[in-house]
Structures are given as structure tokens and as C-alpha cells.
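Here is a short briefing on a protein model with a bound ligand. Start with the ligand site, then turn to a pair of helices.

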Amino acid sequence: MSTTEAATHLRENPYALARAQLQRVADTFGVDPNLVAVLSECKKTVEVSVPVAMDDGTTKVFEGYRVVHNVTRGPAKGGIRYHPGVTRDEVKALAMWMTWKCALMGLPFGGAKGAVVCDPKVLAPDELERLTRRYTTEIINEIGPEKDIPAPDVGTNAQVMAWIFDTYSMNVGHSVLGVVTGKPLAIGGSVGRDGATARGVLYCIRTALQKEGRRFPDTRLAIQGFGNVGRNLARLLSEEGARVIALSDTRGAVVNQYGIDVQAAIAHKSEHGALEGLPGTEEATNEELIELECDVLVPAALEQAITADNAPRVKAHMICEAANGATTPGGDEILEDRGVLVLPDVVANAGGVVVSYFEWVQGLQEYFWKEYEVNAKLNDIVVRAFEETWSARERFGTSMRMAAYGLAVQRVAEATVTRGLYP
Ligand code: NAD
């Protein structure tokens with residue numbers, strides 16, 4: 001199979017992609033094949049059907065999943081995605097990536113992910129609530145503060161987490177703050193959680209720029225995706241004086257080489273539901289955004305935005321993967337050969353799970369921190385993980401991705417060997 005064919009094959013199956021990445025790490029770092037066999041599999045995959053009474057009087061049945069990849073280092077942690085195209089294998093891949101991310105950040109968690117195959121944009125709010133409460137009920141024996149702790153992902157938000165928290169709490173008979181993170185502040189959320197992933201991305205880009213003797217005010221960035229991560233990142237970057245030259249959503253991209261007024265973009269998106277037509281910008285496609293002349297490219301939408309097909313035309317010298325699995329292995333190989341610095345998802349977008357960890361800790365202790373404490377502790381953890389990855393990259397003469405995965409897999413492997421195989 002050629003690289004392009006392999007990339008095309010892998011594009012169809014994110015789980016194959018995640019396993020191929022693990023195998024490559026194992027080959028590079030000499031991980032015991034017995035351990036690789038264990039780590040290649042997800043510990044538990046639960047598939048549920050979620051019947052929902054729709055507003056038009058019909059009953060619609062949705063497909064739902066909760067996958068736990070690994071719990072060797074602690075309870076499982078991972079978001080819940082609502083998307084019409086989500087598949088079981090995508091959820092398994094995302095669960096595996098969560099295991100590596102938590103290990104790399106030094107959090108006492110394993111990896112998990114959940115999903116419901118639905119389009120939240122076309123569901124009425126009360127349909128979304130019924131769907132969430134029924135999905136929670138279907139997986140209620142799987143989740144819990146000591147077992148598996150969900151959080152928001154694509155298509156879900158703090159309100160969805162509030163419904164999960166309430167459904168779980170009603171079933172056990174008391175409020176269980178630690179069952180879910182990313183909750184609204186009014187019911188035990190953490191300050192700083194909403195913008196935490198974007199903030200982590202910001203800290204990574206800043207640290208990488210510092211290594212090159214550069215600063216935000218001399219940097220042009222293009223961001224794909226304008227949801228929780230993309231929107232918050234654009235805002236934080238503009239506050240740092242960086243030039244955000246392109247933004248996009250599902251409808252397409254808007255570009256201004258001199259810098260987009262991010263506040264105006266946020267207002268335009270909330271008024272019109274899309275970035276399209278933002279005054280002072282030219283329109284482009286999402287594909288064109290990836291190939292735009294800029295310093296730093298930030299994919300912050302869905303997986304596999306950068307492939308063997310478009311990687312040769314990427315002009316940015318740095319890519320920061322805010323989205324999980326943003327680059328395929330084929331694309332990665334090409335970027336590596338071309339000397340493009342890729343800050344991989346496991347480091348770049350870990351801010352969300354780090355502050356989720358803070359929220360879980362605060363919930364268990366019922367003692368809440370101030371925002372400056374959250375941001376300072378987040379900075380400590382993300383920058384420490386970045387520096388550890390940077391040194392491993394230099395020590396092993398490899399990419400940031402291989403170094404990050406290498407460190408993470410070795411940590412999970414060490415915990416597995418130390419605990420031993422039961423029975
Ligand atoms: P979101 O649902 O809030 O936003 C997604 C954005 O991507 C939307 O603006 C949507 O219009 C856009 N989009 C969707 N498909 C697109 C396409 N094909 N081309 C261009 N834009 C497209 O999701 P989010 O929470 O911002 O998550 C974005 C990415 O970041 C995902 O890969 C997610 O797994 C990852 N991530 C999110 C968090 C978090 O805390 N929210 C944490 C870690 C990783």
C-alpha cells in the first residue's frame with residue numbers, strides 16, 4: 001500500500017489509525033509486544049440504543065456508546081460527542097488517545113469516550129434533554145466518580161453535563177459532583193473550565209514560539225473550527241496581540257491577512273449562526289484555510305484535517321493540533337520530512353482534561369478554587385508536559401508526537417507492569 005492509500009484506508013477507520021500510532025511508538029521505544037497487545041484493545045465497549053420521544057409525537061431510536069480504553073492509572077476520563085457521523089471505532093480511537101493524554105499530563109486517570117449518533121443542531125432543546133437523560137440512564141452502571149467521568153466534547157456543552165449530573169444524582173439519591181466535569185458553575189463546575197482547552201493550546205504555542213525566539217505579536221495564525229476551542233483560542237490570541245488571519249466553521253473560512261477582529265467575529269457568529277459574510281474578510285474554503293500562508297496553523301474542528309493529500313501544500317511552519325487526531329499518519333510523515341513542527345493533540349489540547357481533573361478534585365472535596373489558581377496550575381502542568389516532551393524529542397531525535405506518545409505509553413506500561421496482571 002502506498003502512503004496515500006494507507007492514509008485513505010486509515011481515514012475510514014480512526015481506531016486503525018490510533019493502533020498504528022501505538023505500534024509505531026512501540027517499535028521506536030521497544031515496548032514489550034505483550035503490553036502492546038493489552039494496550040491496543042479497549043477494556044470495555046458499551047453500545048446502547050437510546051429511544052427518545054420526539055416533539056412531533058414519533059419515537060426515534062439513537063445509537064449510543066461509552067468506551068473505556070484503560071483504567072490502570074485511575075478512573076476513566078473522556079468526553080461525550082454528539083455528532084451524526086460518529087462511529088464506534090472513532091469513539092474507541094478517542095478513548096485510547098485520552099489514555100495517552102492523561103498519562104502525559106500526569107493525571108491519575110485512564111481514557112474513555114462516549115457518543116450518541118445524532119445531530120444536536122436539529123434537535124429541539126427538550127428533545128436534546130430527553131436524549132441526554134435516557135443515554136445517561138442507559139450507561140448509568142458504567143459511569144461514576146471512581147469509575148468513569150464524562151465531560152463535554154464536540155456537540156455537547158455545560159448544559160448537557162448538567163443533565164447528566166442531575167440524572168445520575170436523581171438515580172443514586174444524592175448530588176454526586178464528581179460524576180461529570182464541564183458542569184455549569186452554578187452546580188459545581190470549575191472556574192476556567194470553559195476556556196481551558198483553548199488556554200492549554202495557547203500555552204503550548206507560546207512555549208514553542210519562545211523556543212524559536214518568537215512572540216505572539218509577530219505571529220500570524222489560522223484556526224479551523226470556531227466552537228468552544230477555536231472561538232476561545234481566537235479570543236485569547238487576540239488578547240495576546242497575535243494576528244489571527246483566518247477562522248472557519250462548517251460553512252467555510254473567512255480570511256484577512258492583516259488580522260481579523262475576533263470580537264466582531266464572535267458577535268457575527270452568534271448573530272448569524274455562521275462566520276460567512278463577516279465584514280472585512282474574504283471567503284475561502286476549509287481546504288484553502290489548511291494551505292494558507294501563515295506561521296501557525298491550528299486545526300480545531302474534527303479529526304483528519306491534514307492528510308497525505310494536503311500536507312505537501314501546508315505553508316505554516318508550526319501546526320498545533322487543538323482537534324484530536326487532526327493529522328493522519330500519512331500527513332504526519334510528510335510534515336516531518338518537510339520540517340514542519342507539529343505540536344500533537346495529546347499535549348496541545350490537554351488543557352480541557354487538566355481543568356476537568358481540577359473540577360473533579362474540587363467536587364470531591366467540595367472546596368472551590370479561584371480562577372487565577374486554576375490558570376496558574378493549568379500553566380504548570382501543560383508547560384511541564386510540553387518541556388518533558390521537548391526534551392524527549394531531542395534525546396531520541398524524533399518528532400514531538402512520537403516523544404509525547406512514547407512518554408505516555410511508557411507511563412501506562414510501567415503502571416501495568418507494576419500492578420501486574422490479575423489474576
Ligand atoms: P464544538 O462542537 O464546540 O466546535 C466544533 C467547531 O468545528 C464548530 O465551529 C464547527 O462549525 C466546526 N466544524 C465542524 N466540522 C468542520 C469541518 N469539517 N470543517 C471546519 N469546521 C468544522 O467542538 P470543540 O469542543 O470546539 O472541539 C473541537 C475539537 O477539539 C474536537 O476535535 C475535540 O475533540 C477537541 N477537543 C475539545 C475539547 C474541549 O474541551 N471542548 C478538549 C479537547 C479536545
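The points below cover the ligand shell, its polar contacts and one helix packing. The model is predicted. In it, 23 residues surround the ligand, and the protein covers 83% of the 820 Å² of accessible area that the ligand has on its own.

**Ligand shell**
- The closest residues of the shell are Thr197, Phe226, Asn228, Ala301 and Asn324.
- By residue class, the shell holds 8 nonpolar, 11 polar and 4 charged residues.

**Backbone contacts to ligand oxygen**
- Ala301, listed among the closest residues, places a backbone N or O atom 2.9 Å from an oxygen atom of the ligand.
- For Gly155, a backbone N or O atom lies 3.3 Å from a ligand oxygen atom.
- For Ala322, the distance from a backbone N or O atom to an oxygen atom of the ligand is 3.5 Å.
- Two elements give two or more residues to the shell around the ligand: helix H8 (228-239) and strand S7 (243-249).

**Helix packing**
- Helix H7 spans residues 196-211, and helix H14 spans residues 371-396.
- H7 and H14 pack with their axes 10 Å apart.
- What is the angle between H7 and H14? The angle is about 45 degrees.
- Angles of 65 to 115 degrees count as roughly perpendicular and those under 35 as roughly parallel, so H7 and H14 are oblique to each other.
- The crossing of H7 and H14 is right-handed.

Conventions: Residues are numbered from 1 along each chain as its sequence is written. This is a predicted model: local features need pLDDT of at least 70, side-chain atom pairs count only at pLDDT 80 or more; totals for chains, interfaces and linings use all residues. Side-chain values use heavy atoms; hydrogens and water are left out. A residue is near a molecule or strand if one of its heavy atoms lies within 4 Å of it. A polar contact is a pair of N or O atoms within 3.5 Å; within protein, one must be able to donate a hydrogen and the other to accept it, and residues adjacent in sequence count only if both atoms are side-chain atoms. Accessible areas come from the Shrake-Rupley method with a 1.4 Å probe; for residues, only the protein chains shown count as cover. Helices (H or I, at least four residues) and strands (E, at least two) are DSSP runs, numbered from the N terminus. Ala, Val, Leu, Ile, Met, Phe, Trp, Tyr, Cys and Pro count as nonpolar, Asp, Glu, Lys and Arg as charged, and the others, Gly among them, as polar. Axes are lines fitted to C-alpha atoms, for helices over the stretch in contact, and angles run from 0 to 180 degrees between N-to-C directions. Angles under 35 degrees count as roughly parallel, over 145 as roughly antiparallel, 65 to 115 as roughly perpendicular and the rest as oblique. A crossing is left-handed if the near helix is turned anticlockwise from the far one by less than a right angle, and right-handed if clockwise.
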